[in-house]
Amino acid sequence: MNIKTRLNTQDFTQAYKNLGRFLFQHPAIAAVLLLLAGLVSQLSVTQFPLKMAALVALIGFSVAIVTTQYRTGSLSQLLAELKYQQPVWLVVITGVGILSWGGLWVAQQMLALKGFEQASDHSANTMFDGPAVGGMVIGAALVCMAQILPLVLGYFCHSLGLNKQQGEAIWLKLLTQIKMLVAFVPIASLAVGAALAGFDVSTLFVMLSALYATFVLFIVFEISPCAPREVSRFIAAPQSGQC
């Protein structure tokens, strides 16, 4: 197996092109993912733990459906792929849900002690400062690298039979490349700009980040696409034939 961990600007640009081409060629998949993102985004702040768990599930499903179509040219093996990945993602989803409940409780206690209203009034006055916006963009890009990318990489490692140590080594090599951070800036800028305009696109941001990370990892593991066969067949018996 060839693993390309030193990526250049052309690789990151090509990942965007490949992602755009894939969504354009498979509008049914794009529509399903957009619908799911819309459903998850309907969960309110009071349902924060549930929303976080749903976001992780959305990442897993998005990566599974795109990877299955990309690697096999068909979605006939999607159910088998989801079943294969289920043990890994159930653990992650459960862990995120539990941590979110705990984090929500801690945040509520801290806000009650420190007088959140005064802090909110002050932060609202500085929200639109240039440095603050730039920091938000960089912060969002770091979230992509430090939280979303490892989840997607874990999916690939499980599929390709790589162990935890090998996955961590690959992630650290990618994490230390400043170009990787810059590559996520367009997606981060879209999310921050929409948030400042009053739109909640956090779910879309997470999904796009996961999809872009998927196409970056296609380049890292040198995975080539298969010719499409059954694009819209979501539920079918697994086939043994490969590209």
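# A guided tour of an all-helix predicted model

Begin by selecting E81, which, apart from neighbours within four places in sequence, is in contact with A64, T68, Y155 and S159; contact means heavy atoms within 4.5 Å. The model is a predicted one, in which local features need pLDDT of at least 70 and side-chain atom pairs count only at pLDDT 80 or more, while totals for chains, interfaces and linings use all residues. Residues are numbered from 1 along each chain as its sequence is written, and side-chain values use heavy atoms, with hydrogens and water left out.

Remain at E81, which is found in helix α4 (residues 78–114). Helices (H or I, at least four residues) and strands (E, at least two) are DSSP runs, numbered from the N terminus. E81 counts as buried because its relative accessibility is 18%. Here buried means under 20% relative accessible area, exposed over 50%, and partly exposed in between, with a 1.4 Å probe and protein chains only. Add T68 to the selection: its C-alpha atom and that of E81 are separated by 7.5 Å, and the two residues lie 13 apart along the chain.

**The whole chain**

Now display the entire protein chain, which has 10 helices and zero strands. Of its 243 residues, 37% are buried. Among contacts between residues at least 6 apart in sequence, 82% join residues at least 24 apart. The chain exposes about 13100 Å², of which carbon and sulfur atoms supply 67%; accessible areas come from the Shrake-Rupley method with a 1.4 Å probe, and for residues only the protein chains shown count as cover.

**Helix α3**

Select α3 (48–72) next. Its 25 residues should span 36 Å at 1.5 Å a residue, and its end C-alpha atoms are 36 Å apart, which agrees; the expected span is 1.5 Å times one less than the number of residues. Because 19 of those 25 residues are buried, α3 is largely enclosed by the rest of the structure.

Within α3, pick L58, which counts as buried because its relative accessibility is 4%. Apart from neighbours within four places in sequence, L58 is in contact with L36, A37, T203 and M207. Select V206 as well: it is 148 residues from L58 along the chain, yet their C-alpha atoms are separated by 8.7 Å. Just after α3, G73 takes a positive phi of about 80°.

**Helix α1 and the salt bridge**

Move to α1 (residues 9–25), where 17 residues should span 24 Å at 1.5 Å a residue and the end C-alpha atoms are indeed 24 Å apart. Colour D11, F12, A15, N18, L19 and F22, which are buried. Viewed down the axis of α1, the buried residues fall within an arc of 115°, so they line one face of the helix; the arc is that of the directions from the helix axis to the C-beta atoms. An α-helix has 3.6 residues a turn, so residues three or four places apart point the same way. The buried residues of α1 pack against α2 (27–41), α3, α8 (178–183) and α10. On the face turned away from the buried side, find the exposed residues Q10 and F24.

Keep D11 selected and add K4: their side chains meet in a salt bridge (3.0 Å, N to O). A salt bridge is a side-chain nitrogen of Lys or Arg within 4 Å of a carboxyl oxygen of Asp or Glu, and the structure holds one. K4 counts as partly exposed at 29% relative accessibility, whereas D11 counts as buried at 11%.

**The nonpolar core**

Which residues have the most contacts inside the largest nonpolar core? Select V152, F156, M180, Y212, L217 and F221 to see them, within a core of 61 residues. Helix α10 (residues 202–220) gives the most to this core, with 13 residues. A nonpolar core is a set of buried Ala, Val, Leu, Ile, Met, Phe, Trp, Tyr and Cys residues joined through side-chain atoms within 4.5 Å. Centre the view on M180, which, apart from neighbours within four places in sequence, is in contact with L7, F12, M145, L149, L174 and V216.

**Helix α9 and the segment after α10**

Select α9 (residues 185–196), whose 12 residues reach 16 Å from first C-alpha to last, close to the 16 Å expected at 1.5 Å a residue. I187, A188, A191, V192 and A194 are buried in α9. Viewed down its axis, these residues fall within an arc of 165°, so they line one face of the helix. Just after α9, G198 takes a positive phi of about 95°.

Finish at E222, in the segment after α10. Its phi is near 55°, a positive value in a residue other than glycine, and E222 counts as partly exposed at 45% relative accessibility.
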